[in-house]
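This report describes the model displayed below. It begins with one residue and then turns to the protein as a whole.

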Amino acid sequence: MTVTDAGGKEHEALALNEVSLFRASYQAVKLEILVDGRPRLDELICDGVLLATPAGSTAYNLSAHGPILRSTRRSWH
């Protein structure tokens with residue numbers, strides 16, 4: 001995972017199955033989300049975000065007692 005903060009400084013960390021970002025103040029954050037260098041969300045204004053792999057999202061869904069849905073995609077990019 002690579003994150004660029006408002007000051008332009010890059011931060012890197014190992015991320016397995018999920019990345020979560022929560023605000024540290026009362027202000028909302030304005031985000032652009034790229035996956036493998038491709039924009040997935042141009043702009044999101046929120047107080048937190050969770051990105052998860054299929055394995056990570058399945059675990060979150062199970063913990064919320066939600067259904068497990070079969071993927072209709074045959075290949076992942």
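In which strand does Leu31 lie? In this predicted model, Leu31 belongs to strand E4, which covers residues 29-35. Leu31 has a relative accessibility of 14% and therefore counts as buried, the cut-off being under 20%. When neighbours within four places in sequence are set aside, the contacts of Leu31 are Leu21, Asp42, Glu43, Leu44, Cys46 and Val49. One of these residues, Leu44, stands 13 residues away along the chain, and its C-alpha atom is separated from that of Leu31 by 5.0 Å.

**Overall organisation**

The protein contains one helix and six strands. Read from the N terminus, the order of its elements is β-β-β-β-β-β-α. Of the 77 residues in the protein, 8% are buried. Its accessible surface amounts to about 6,800 Å², and carbon and sulfur atoms hold 54% of that area. Among contacts with a separation of 6 or more, 33% join residues that are 24 or more positions apart.

**Confidence**

The mean pLDDT of the protein is 80, and 88% of the residues score at least 70. Confidence is highest in E2, at 93, and lowest in helix H1 (residues 54-63), where the mean is 77. As a general caution, predicted coordinates should not be read in detail where pLDDT is low.

**The largest pocket**

The largest pocket holds about 1,200 Å³ of space. Its lining consists of 34 residues, of which Met1, Val19, Ile33, Leu34 and Leu51 are the closest to the centre. Two or more lining residues come from each of strand E1 (2-4), strand E2 (10-12), strand E3 (18-22), E4, strand E5 (38-46) and strand E6 (48-52). The largest share is that of E4, which supplies seven residues. By residue class, the lining comprises 17 nonpolar, seven polar and 10 charged residues.

**Exposed acidic positions**

Three exposed residues are set out in the table, each with its location and its relative accessible area.

| Residue | Location | Relative accessible area |
|---|---|---|
| Glu10 | strand E2 | 52% |
| Glu12 | strand E2 | 66% |
| Asp36 | loop between E4 and E5 | 68% |

Which residues does Glu10 contact, once its neighbours within four places in sequence are left aside? They are Thr2, Val3 and Thr4. Glu10 has a relative accessible area of 52%, and it is therefore classed as exposed, for which the value must be over 50%.

Under the same exclusion of neighbours within four places, Glu12 is in contact with Met1 and Thr2. Glu12 and Thr2 are 10 residues apart in sequence, while their C-alpha atoms lie 4.5 Å apart in space. With a relative accessible area of 66%, Glu12 is also exposed. Met1, a contact of Glu12, is also among the residues closest to the centre of the largest pocket.

What is the sign of phi at Asp36? The angle is near 55°, a positive value in a residue other than glycine. Asp36 sits in the loop between E4 and E5, and its relative accessible area of 68% makes it exposed.

**Summary**

Strand E4 connects several of these points: Leu31 lies within E4, and E4 gives the largest share of the lining of the largest pocket. Leu31 is buried at 14% relative accessibility, whereas Asp36, in the loop between E4 and E5, is exposed at 68%.

Methods: Residues numbered from 1 in each chain as written. Predicted model: local features only at pLDDT ≥ 70, side-chain atom pairs only at ≥ 80, totals over all residues. Heavy atoms only, no water. Helix = DSSP H or I, 4+ residues; strand = E, 2+ residues; numbered from the N terminus. Buried < 20%, exposed > 50% of the residue type's maximum accessible area, 1.4 Å probe, protein only. Contact = heavy atoms within 4.5 Å. 1 Å grid on protein atoms, 1.4 Å probe; cavity = no way out; pocket = protein on both sides within 12 Å on 5 of 7 lines; lining within 4 Å. Points joined across faces, edges and corners; volume = space filled by probe spheres on them. Nonpolar A, V, L, I, M, F, W, Y, C, P; charged D, E, K, R; others polar. Areas by Shrake-Rupley, 256 points an atom, 1.4 Å probe, with all protein chains shown as cover. pLDDT = per-residue confidence, 0-100.
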